Amino acid sequence: MASSAFNTGGSLPRRQFINRVMGALLCLSAAVALTPLLLVIGFILANGISGINLDLLTKLPKPVGELGGGMGNAFLGTAILIALASLFGVPIGVLAGIYLSEFGNTGFARILRFLTDVLTGVPSIIIGIVAYTLVVVPTHSFSAVAGGVALAIIMIPVVTRTTEEALRRVPNALREASLGLGVHEWKTMMYIVLPAGLGGIVTGVMLAIARISGETAPLLFTAFGSRFWQDGLGNPIAAVPLQVYKYALAPYKDWHDQAWAAAFILMMLILILNVGVRVVTRSGFQKIR
Amino acid sequence: MASAAPAASKRAFQARALFGAANLPDIIFRTIVFLFGALTLLVLIAIIVASMVKESSQSIGVFGLSFLHTTVWDPVKEQFGALTFMYGTIVTSILGLLIATPISLGVAIFAVELAPPWLGNSISIVVELLAAIPSVLLGLWGIFVMVPFLQRVVEPAFIERFPDLPLFEGPPYGVGLLAGGLILAIMVIPTIVAISRDVMVTVPVAQREAMLALGATNWESTTWAVLPYARSGLLGAIVLGLGRALGETMAVTMVIGNQPQISASLFHPAYTMASVIANEFTEATFDLYLSALTEVGLLLFGVTIIMNMLARLLVWSTARASQQLGGA
């Protein structure tokens with residue numbers, strides 16, 4: 001098969017010409033792929049930076065028709081939602097990760113690993129419906145807790161798999177040395193293995209937080225949004241991505257400017273988390289080696 | 001590659017962990033990890049599936065199969081059929097994939113096979129960062145930058161040049177199937193690039209060296225040695241991209257126009273399955289309405305799950321083949 005393909009390749013200059021044309025096309029495709037993505041970042045930077053001010057971060061939204069105001073409640077709300085999601089999601093994710101790494105050679109663990117990966121691909125709007133059925137329907141109210149549960153479900157598979165990866169990288173010699181000294185398994189885990197893998201676990205949690213901080217779809221009918229300061233965890237809560245969505249679709253110029261500004265802050269937060277985690281883990285790896 | 005000795009001792013450790021230790025604290029430790037980690041996760045997945053099925057059962061019972069092939073979506077008459085939304089989802093996803101696939105594979109080949117390592121690595125890092133940008137921010141850009149551009153420049157040009165093609169018919173709204181497809185292409189490019197790059201990296205270097213030693217050019221080594229070897233993994237990357245496109249909600253909702261209609265023209269506003277859930281779920285005032293919306297979600301859920309499973313199996317089969325040949 002390969003030889004016949006060679007024969008149809010033609011003369012050497014022709015083959016070299018094809019090689020060069022394809023090389024140029026591949027180079028072009030890289031440019032085409034990166035352009036719209038960099039445009040998005042560029043426009044958010046350009047349109048967002050002028051709208052950044054203290055009011056945006058600290059004031060409540062003004063009633064419709066009045067200029068000014070901010071979305072301080074949304075920034076607070078996003079912080080509360082992230083805290084709640086981490087509270088529900090991190091313990092389950094880390095424990096499941098420990099299970100997959102330390103007891104993960106069974107058929108059950110393999111199925112669980114596969115399902116966890118599949119859970120990562122479930123559309124976030126579906127997670128919203130699930131959280132609605134599990135929390136909003138029984139409590140008869142949109143709430144911060146419902147939003148936290150939805151975000152936690154998105155967070156769990158990410159934390160599980162990164163925890164597993166981090167613990168698998170911990171050399172077995174460490175486990176053996178500890179167990180060989182007669183240390184209990186749980187103490188080996190708590191004092192030897194977990195501290196050694198902590199950097200990787202924290203990385204996973206940070207990346208998961210970066211992911212959920214921009215999630216909008218699962219919050220539409222769980223957190224719901226609000227135009228006031230938060231009043232308890234059982235009430236609807238504002239969130240930055242929800243506010244960006246609502247303001248972008250509204251017909252007011254002032255709201256559009258605020259949406260760009262909030263988008264700017266959200267994007268910077270997410271990019272800084274991602275870049276920061278990469279820089280820290282890279283230097284961490286070098287130390288281990 | 002891990003050598004045999006650590007693997008064996010790890011097995012021993014795990015065997016001891018499961019059966020050996022008989023003291024109480026360790027049994028408690030194992031129970032906690034199993035109950036609150038593994039079992040909770042498994043139960044959570046089961047609950048997700050069960051609650052979706054249970055909530056849609058009313059709508060499934062009332063409409064049966066007609067839900068899949070009727071277009072009337074009328075809450076007032078309590079008549080629900082999802083075909084319009086399925087059409088919008090499928091057309092935008094396929095359009096997005098048609099645009100994204102050649103570009104993404106081009107980027108991956110460029111990054112792995114042609115570019116010097118520093119450039120290849122920087123491209124991969126930038127693409128991964130772009131994957132982290134939330135959907136709602138892309139939608140914001142879509143509404144205020146891409147849609148006006150389509151409406152003023154791109155769509156009029158197409159309409160003028162192909163006046164008789166039903167594909168480009170009608171007034172240039174800006175919002176519509178084309179806008180949805182384009183925004184999806186932008187969103188799935190990072191996914192396809194990242195996975196196909198990982199797959200191509202696992203192709204053993206010896207494969208390429210053998211081709212080059214025979215006098216093949218770079219492009220020939222790529223098309224004859226690397227791509228056939230990575231074929232199933234690359235297909236997996238595309239299927240994973242499709243899964244992502246089908247379930248994408250916010251960005252598409254913001255640019256598709258949200259009008260339930262089936263039209264051949266790419267310039268007409270449409271509606272997708274994820275968008276109808278996003279827009280109408282909080283307005284669903286009676287149980288059947290809510291149940292019908294959940295059934296739309298269940299369909300989406302089922303399709304994306306199947307896509308994901310298929311994709312993982314495809315990617316995994318390439319990785320396993322490389323391992324067996326001693327590659328990677």
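Chain B of this predicted model contains twelve helices and two strands. Read from the N terminus, the order of its elements is α-α-α-β-β-α-α-α-α-α-α-α-α-α. The two strands thus follow three helices in that order, and a run of helices completes the chain. Along the principal axes, the C-alpha atoms of chain B occupy a box of roughly 70 × 65 × 35 Å.

Chain B does not stand alone in the model: 88 of its residues are in contact with 88 residues of chain A. Between them, chain B and chain A bury about 8,000 Å². Carbon and sulfur atoms account for 81% of that buried area.

The polar side of the interface can be described by specific pairs. Three salt bridges are counted between chain B and chain A. One of them joins the side chains of Arg278(A) and Glu128(B), with a nitrogen-to-oxygen distance of 2.9 Å. Polar contacts across the interface of chain B and chain A come to ten residue pairs, where both residues have a pLDDT of 80 or more. On the side of chain B that touches chain A, the element that gives the most is helix α2 of chain B, residues 24-63, with 20 residues. By residue class, this side of chain B holds 60 nonpolar, 19 polar and nine charged residues. The nonpolar count of 60 can be read next to the 81% of buried area that lies on carbon and sulfur atoms.

The next topic is enclosed space. Rolling a probe the size of a water molecule over the atoms shows where empty space is left. With a cut-off of 30 Å³ or more, four cavities are found. The largest cavity has a volume of about 50 Å³.

Which residues line the largest cavity? The lining consists of Leu119(A), Thr120(A), Val122(A), Ile127(A), Ile153(A), Ile154(A), Pro157(A) and Arg211(A). Two elements of chain A, α5 (107-120) and α7 (144-168), each supply two or more residues to this lining. Helix α7(A) has the largest share, with three residues. In terms of class, the lining of the largest cavity has six nonpolar residues, one polar residue and one charged residue. Under the residue classes used here, the polar member is Thr120(A) and the charged member is Arg211(A).

How values were computed:
Residues numbered from 1 in each chain as written. Chains lettered and ligands numbered in written order. Heavy atoms only, no water. Contact = heavy atoms within 4.5 Å. Buried area = accessible area lost by both parts, 1.4 Å probe. Salt bridge = Lys/Arg side-chain N within 4 Å of Asp/Glu carboxyl O. Polar contact = N/O pair within 3.5 Å; in protein donor to acceptor, adjacent residues only side chain to side chain. Helix = DSSP H or I, 4+ residues; strand = E, 2+ residues; numbered from the N terminus. 1 Å grid on protein atoms, 1.4 Å probe; cavity = no way out; pocket = protein on both sides within 12 Å on 5 of 7 lines; lining within 4 Å. Points joined across faces, edges and corners; volume = space filled by probe spheres on them.
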